[in-house]
Every structure is written in structure tokens, then in C-alpha cells.
Amino acid sequence: MPEHAEPPRSSGSQRVSTELVAVIVSLAGDGPVVLTSPDGARLPSGPLRSDHRSLQTGLRAWVEQQTALRLGYVEQLYTFADPDRTGGTDTTISVSYLGLTRATSSASASAWRGFYEFFPWEDHRLGVPAGNAAIAERLTQWAASEASASARRQREVRCAVSFGLGGRPWRPELTLQRYELLHEAGLIPESVTPSREQVPGMAMELDHRRILATGIARLRAKIQYRPVVFELMPDQFTLGNLQSVVEALAGQALHKQNFRRLITQQELVEETGKTDQATGGRPAKLYAFRREILDERSAAGTKLPVTRMR
């Protein structure tokens, strides 16, 4: 992954540097994947240099240099500047970006890894993951360990809202809140004081898993009001393909008829006149995204229908 240049400026004895970090999302098989270092420990990143015309230009340059991948859709995520986020005495400010691409074969010297390798508790497409019961138990114990009654109650509410406990609904877009809760409770290796009992999930160096959680949360929220999902779709697709992609990104199952009604009502797609013969049954109609909808309606979106009851 990146070589780290000398920081551009200093304040007293503390050095301050700026790093660009990319959360690059694509699709592989039946799930969303993110581009990482070969060992999965870091996201593509590199220092901001004086020859970069802008932050985004610098990010695209680092990604192309490290992965041979030219990014399409890119948007800025968040700037991470916590003094202790890198574990050293110097300060590294990380400006993160979310990028979407259809390419998964040209990223040399890198690896595509599934979202749910890092966050197995997030994939609810087949119901609540088996490991979530143990997570809930450990969070309950952590909340009960707080001596103050009011603070204990605050912890209990945070756990219930974030993980859908006590009859509360599971909210896919709270990915970052769930990660930060597990971090605070000491249940992941990146925690300041990790406990002996850890929850499943691949760890990352520094706070790259936190940055990844931020990117997933942004994407899950965004697909509810903007049609960014089509940046990941082929030029032609069936409505079943489209639903599977939205479900994979959201980590939850969707009601088939509600989903199709919502897509057609918003006029986001149009029939191509062709069919897919490889569906294993009756040929399915092929559709294409109506890109002119972005000019016709600035608030077009692909809201997620109600989760299918099991």
C-alpha cells in the first residue's frame, strides 16, 4: 500500500500530515466488495502532494497508481482528524472518499474483499446473523457494567437502537454507529482497551475499518434517496438483478412487489425490448437505467421497501 511522504507542515514538536483514503465499492458474485491491500488490512491511500490539483485529483491518482483502476463516481465522505486516531504522537488528517466502480479485474496488487468479511453482523439478507445473539449478550453485559444509573440507561438505549434489540427495528444505515459501539465496548481488536471476548470480523490497521464503516453507512443511506446503485449495474439488467444488488448493499431482504412498484413508479428504468434467457425459467425482461431522469428530477431515488417478514 502507500508510501508515506514527509508531512507538509508542523506545529511545535508535533507533525501534521494529510492523507487521502478511498472506500472503493463494486460487486462480485452475490455481494458488495471493497478494494483493500492484499492482506485486507488497509484501504487504498496516500499523502496529499503539492502537485495534486485538488483532493479528488490526488485521490484518483493514488488509486490508479496503486491499483491500475480508474475511478468513475466519487464523492467525499468525511475528514478524520482525531489526535489519537493513528496511535502515534503525530497527527494524520485523513480525507476519505467513496468511489463506485463496475470493474473488479484490473486492480493489480490489491484485493477485493466482501463487506461482510469485516462486518458479519451487518448481513441480514437471510435473517439475523447467528453471531448477533452473542454480540447482544456482550453489549448487555457492557451496558450493565456502568456504575451510574443514567449512564447505564444511555448505554442500554444505544445498544438497543443500534442493534435492533428489545423489539426495535434493524436500521441498515447505522453501520458506523454499530462499529463505534463495539469499539467503545472493547469488542473489536481496534478498541483502545480490547477485551478478551471479541466479536467476529476482519480487523484493519489504524482506523481504516472505521472509515470503511463510514463509507458503507453513506452508501446505504444514499441508495434510499439517490439512484447511485445504477453506477454498479451493467448497462442492461433484470429487475430481479437490480433487487439483488440493492439487497446486497443494504444487507436486508426486500418485498419483491413493493420494490418493483417503487422502481417503476419513479420511472428510473425502461424496457430494452430484450430478454434474459438464462434465468432458469420464463425469460425475464431486460431494463436500462434512464439517465435523463437525473436532469428531469433532481430528487430521484431508490427508496428501500419494507423488509420482507420471515
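The chain exposes about 15200 Å², and carbon and sulfur atoms supply 49% of that area. The model described here is predicted. Its chain has 310 residues, of which 48% are buried. The secondary structure consists of nine helices and nine strands. Among contacts between residues at least 6 apart in sequence, 63% join residues at least 24 apart.

## The nonpolar cores

The largest nonpolar core holds 55 residues. The residues with the most contacts inside this core are Val 23, Leu 139, Leu 182, Leu 212, Leu 219 and Phe 230. Helix 7, which covers residues 239–250, gives the core its largest share, six residues. A second core of 14 residues is separate from the largest one and includes Leu 59, Leu 69, Leu 71 and Val 74.

Which residues does Leu 212 contact, leaving aside its neighbours within four places in sequence? They are Val 23, Val 34, Leu 43, Phe 118, Phe 119 and Met 204.

Helix 6 runs over residues 208–222, a range that takes in both Leu 212 and Leu 219. Helix 6 has 15 residues and reaches 21 Å from its first C-alpha to its last, close to the 21 Å expected at 1.5 Å a residue. Of the 15 residues in helix 6, 13 are buried, so the helix is mostly covered by the cut-off of under 20% relative accessible area. As background, an α-helix has 3.6 residues a turn, so residues three or four places apart point the same way.

## Strands 3 and 7

Strand 3 (residues 31–36) and strand 7 run antiparallel and are joined by four bridges. In this pairing, Val 34 stands opposite Arg 113 of strand 7. Val 34 is also one of the contacts of Leu 212.

Are the two faces of strand 7 covered or open? Both are covered. In a regular strand the side chains alternate between the two faces of the sheet. In strand 7 (residues 111–114), Ala 111 and Arg 113 are on one side, Trp 112 and Gly 114 are on the other, and all four are buried. Strand 3 is mostly covered too, with six of its six residues buried.

## Selected residues

The table lists five residues with their places and relative accessible areas.

| Residue | Place | Relative accessible area |
|---|---|---|
| Asn 132 | helix 3 (residues 132–144) | 9%, buried |
| Thr 272 | strand 8 (residues 269–276) | 28%, partly exposed |
| His 255 | loop between helix 7 and helix 8 | 33%, partly exposed |
| Leu 206 | loop between helix 5 and helix 6 | 38%, partly exposed |
| Glu 267 | loop between helix 8 and strand 8 | 44%, partly exposed |

Asn 132 counts as buried because its relative accessible area of 9% falls under 20%. Not counting residues up to four places away in sequence, Asn 132 touches Trp 121, His 124 and Trp 170.

Thr 272 is partly exposed because its 28% lies between the cut-offs of 20% and 50%. The side chain of Thr 272 reaches the backbone oxygen of Leu 286 at 3.0 Å. A polar atom of the same side chain lies 3.2 Å from the backbone nitrogen of Lys 274. Which residues is Thr 272 in contact with, apart from its neighbours within four places in sequence? The answer is Gln 236, Leu 286, Tyr 287 and Ala 288. Tyr 287 is 15 residues from Thr 272 along the chain, and their C-alpha atoms are separated by 5.3 Å.

His 255 has a side chain that reaches the backbone nitrogen of Gln 257 at 3.4 Å. Between His 255 and Gln 243 there are 9.3 Å in space, C-alpha to C-alpha, and the two are 12 residues apart in sequence.

## Positive phi angles

Most residues other than glycine have a negative phi. Leu 206 has a positive phi of about 50° and is not a glycine. This leucine is in the loop that leads from helix 5 (175–184) to helix 6. For Glu 267, also a residue other than glycine, phi is near 55°. Glu 267 is in the loop between helix 8 and strand 8.

Terms used: Residues are numbered from 1 along each chain as its sequence is written. This is a predicted model: local features need pLDDT of at least 70, side-chain atom pairs count only at pLDDT 80 or more; totals for chains, interfaces and linings use all residues. Side-chain values use heavy atoms; hydrogens and water are left out. Buried means under 20% relative accessible area, exposed over 50%, partly exposed in between (1.4 Å probe, protein chains only). Two strands pair if DSSP finds at least two bridges between them. Contact means heavy atoms within 4.5 Å. Accessible areas come from the Shrake-Rupley method with a 1.4 Å probe; for residues, only the protein chains shown count as cover. A nonpolar core is a set of buried Ala, Val, Leu, Ile, Met, Phe, Trp, Tyr and Cys residues joined through side-chain atoms within 4.5 Å. A polar contact is a pair of N or O atoms within 3.5 Å; within protein, one must be able to donate a hydrogen and the other to accept it, and residues adjacent in sequence count only if both atoms are side-chain atoms. The expected span of a helix is 1.5 Å times one less than its number of residues.
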